[in-house]
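This report goes through one protein chain, from a single helix and its surroundings to sheets, salt bridges and overall figures. Please keep the sequence and the structure open while reading.

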Amino acid sequence: MPMRHRRAILSVLVLAVIGMAAWYAVRQRAAVRGPVTFTRDVAPIVFTKCAPCHHPGEAAPFSLLTYDDVRHRARQIVDVTQKRFMPPWLPAEGHDLFADSRRLSDAELQTIQEWVAAGTLAGDAAELPPAPVFADGWQNGPPDLILESPSYTLTSTDRDVFRNFVVPIPLDTPRWVRSIELRPDNPRVTHHARLGVDSTNESIRRDAEDPEPGYAGMAWAQDPDGQLVIWAPGLIADPGTDSVAWRLVPKSALVLHTHMQPTGKTEVVKFRIGIHFAKDPPRQHPAMLRIGSSNIDIPAGAKNHTVSDKYVLPIDVDVHLIFPHAHSLCTELQVHAERPDGSRQALITIPRFDENWHDAYRYRQPVRLPRGTRILSKFAYDNSADNIRNRNQPPRRVGYGSNATDEMADVYLQVTPVHVDQRAVLMEDYKQYELQSQIVGHRKTLELDPGNIWSQEALAACYIGSGKPGEAIAILEQRLNAGPESVSPVVSLGMAYQASGDAVRAEAQFRRALARDAKYPLAWFGLGQALAAQKQSESAEHAYRQAVLLSPGLLDAHINLADLLIARGQLDPAAVVCTSALGDSPKMAKIYLKLAEISAKRKHYDESLKYCGMAQQLAPYTHPPKVLLAVFCFANGDPQLGLKLLRDARAESPVHPMPALILGQFARQQQQWPAAREQFTAAASLPIPANWPASHRKRFLILLNSESFQLAQQLQDSEYARLSLAKWMQAEPENRKLQALYDALPPEPDRSLER
């Protein structure tokens, strides 16, 4: 007998046994409290677990808000709930970590089954709970602000369409956002959508130059700070909380990155964006981490291909939310946390993954993970012909990518630092992980599709961000030689030349871009950098001012322009630039540090100290305010005030290493050799602050040991020099010149003779 026939007979027998058990349970229950009724027993379950999707305006095909609605579908409801196909809830049974679970308990399943077996009795109307009320399809109630994306006509094409739609923000003042809900008017042709924020105006420029609504290619926007605003089939909108709200500022735009799948006929796609504002500022500033391998290469026919990845946490965090994402070949996934003590905890397990029921799962209580915890992800895929969800028949080799016929293995985690001042440590470490992950992913995409221009440009941008401009130059030159030429890769090539130290070639590329588009703010910004590097101050100022004019949210343009003006002694115009930038970026520590520098140059030291304090509040890894002001005083020719500030800072923060290091620098410059060595030794013995990012820590160690090495040379102390160089090489192993310096030192004396 064929296996499928055996399974069918077994299913019939199982249903028969279940039916007999239900009939017996009905008889027993009726003898105790009467038969199961809709009003008393079933309605509370349906209204809570089913109606949020099964009501008018939602993606579900029918409504379940009344007795008649449910009665007409009674036997279907029993069938899909007993199979746990509905309500959709993918985490493994026994996973009680998550809030708002839609999984029906065994008792609830039995209640529905008993109700149908007893004849779907209506019950006493007085016992019927109020039916849930939904506001025009919004899951989280009426939004405070509703915006709409442009309408886009999807033609009968056979390829996936990726489009970015720009939605201006009609705000006059910054507002705190609790949550954003996305609502597609045509969900059946929308694979997913993701919302970002663009403060540079680049998305508006790209939209304007594209003749159709929106623009194609890479989305020029970032996720809202610490948030993931997405829409996917079956996803329940996150209501959010005021405690982790994020700031939405004027002069920026929302960018809706949309993945659409044609149906073979003309379709119109449009989104509504419902914004719920928070009443109070946030108490926490979360971070959103994407963890998962981009090195996906699934052979055709593979039935159980696995993809794994890991990320090691650099700080203690609390995990609030998890969102796993994959496509149609994925069959199961697991995400575990392996703590430093060896203990393991499942963050999520989905034994039967279904891409049609993506969800973001919020934990009942945040999951605390200590520094050094390894977050391990593992995805399994079935790329065989037996997989009915396989979009490729016959199966073909599948790699990493955004198309529905590609695959992904992403896990998004919303976390908050246990120690709030360590957020920068996490973000810098994670940025390096993400850059490397993207490099792997784009390289894999180009291996399978060498002509993919979006992956070429994205890979080049990643190489620039990871400090490898040479690799970026090679990719971009090849991309531009092959065509088609557009402004964006030309600007990226200029950035790559600038990062490699070739300001002349960088300038040529930026001018080439501006010849095509004189309103491209990033081209003006890059030109300002190239001209400033060539000491063409006035021309650089003009370029920076153009960048600021075209893109008020381009913070680095403000900073560079202020630096240029400060260097020329134009303090008043520099202060105006910084004050203007604060209107768009009121929480940026760099701006306050620039204002502190300007005030110090004016000898307004009390005002400068205030700005230093504001910078440290926003960026806790910044040095103590009196240390910062002391540096400004030394630069201004006020060494005595600088020394006093450093001694005060040391008394106030006795374990902070910076006062000792700067005191040692001053003593060395004054040829006070014993005092300098004493201060450097003290700085080396103090703990490095836990809230310093890795780059901050590295700069400190390089500065400390380079100063110690210079002091050793002045003292002609080869042993001290050897020790300083050894520590310097540990902090900067990529600096090949250090080994040569070390080898050139006199050999260590033979201590064995002294014994």
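Which residue follows α16, and what is the sign of its phi? The residue is K603, and its phi is positive, near 70 degrees. The model is predicted, and the values below are computed from it.

**Helix α16**

Helix α16 covers residues 589–601, which makes 13 residues. At 1.5 Å a residue the helix should span 18 Å, and its end C-alpha atoms lie 19 Å apart, so the two values agree.

How much of α16 is enclosed by the rest of the structure? Of its 13 residues, 10 are buried, so the helix is largely enclosed. The buried residues are A589, I591, Y592, K594, L595, A596, E597, I598, S599 and A600. Charged residues are included in that list, namely K594 and E597.

**S608 and its contacts**

S608 sits in helix α17, which runs over residues 605–618. Its relative accessibility is 0%, and because buried means under 20%, S608 counts as buried. A polar atom of the S608 side chain lies 2.8 Å from the backbone oxygen of A596. A596 is itself one of the buried residues of α16.

Which residues does S608 touch when its neighbours within four places in sequence are left aside? They are A596, S599, A600, L629 and F632. Among them, A596, S599 and A600 are also listed as buried in α16.

**Salt bridges**

Side chains of opposite charge can pair when their charged atoms come close. The count for this model comes to 41 salt bridges. Three pairs are set out here, with the N to O distance and the relative accessible area of each partner.

| Pair | N to O distance | Basic partner | Acidic partner |
|---|---|---|---|
| R40 and D41 | 3.2 Å | R40, 26% | D41, 9% |
| K594 and D563 | 2.5 Å | K594, 14% | D563, 31% |
| R602 and D572 | 2.4 Å | R602, 28% | D572, 53% |

In the pair formed by R40 and D41, D41 counts as buried, whereas R40 is partly exposed.

What does the bridge between K594 and D563 tie together? K594 lies in helix α16 and D563 in helix α14 (residues 555–567), so the pair ties together parts that are 31 residues apart in sequence. K594 is buried, while D563 is partly exposed.

R602 forms its salt bridge with D572. This pair links distant parts of the chain: R602 is in the loop between α16 and α17, D572 is in helix α15 (residues 571–584), and 30 residues separate them. R602 is partly exposed, and D572 counts as exposed.

Salt bridges also link E202, R205, R206, E209 and D517 in a network.

**Two open sheets**

One open sheet consists of 4 strands in the order β13-β18-β15-β16, with antiparallel pairing. Its edge strands are β13 (305–312) and β16 (344–350), each of which pairs on one side only. From one strand to the next the twist averages 15 degrees. β13 and strand β18 (residues 374–381) run antiparallel and are joined by 8 bridges. Y311 stands opposite I375 in β18.

Another open sheet has 4 strands in the order β3-β8-β5-β6, and its pairing is antiparallel. Here β3 (161–168) and β6 (229–231) are the edge strands, each pairing on one side only. The twist averages 20 degrees from one strand to the next. How many bridges join strand β5 to β6? There are 3, and strand β5 (residues 190–198) runs antiparallel to β6. The bridge partner of R194 in β6 is I230.

**The chain as a whole**

The chain has 24 helices and 20 strands. Its C-alpha trace spans about 100 × 70 × 55 Å along the principal axes. Of its 755 residues, 51% count as buried. Among contacts between residues at least 6 apart in sequence, 71% join residues at least 24 apart.

Technical notes. Residues are numbered from 1 along each chain as its sequence is written. This is a predicted model: local features need pLDDT of at least 70, side-chain atom pairs count only at pLDDT 80 or more; totals for chains, interfaces and linings use all residues. Side-chain values use heavy atoms; hydrogens and water are left out. The expected span of a helix is 1.5 Å times one less than its number of residues. Buried means under 20% relative accessible area, exposed over 50%, partly exposed in between (1.4 Å probe, protein chains only). A polar contact is a pair of N or O atoms within 3.5 Å; within protein, one must be able to donate a hydrogen and the other to accept it, and residues adjacent in sequence count only if both atoms are side-chain atoms. Contact means heavy atoms within 4.5 Å. Two strands pair if DSSP finds at least two bridges between them. Axes are lines fitted to C-alpha atoms, for helices over the stretch in contact, and angles run from 0 to 180 degrees between N-to-C directions. A salt bridge is a side-chain nitrogen of Lys or Arg within 4 Å of a carboxyl oxygen of Asp or Glu.
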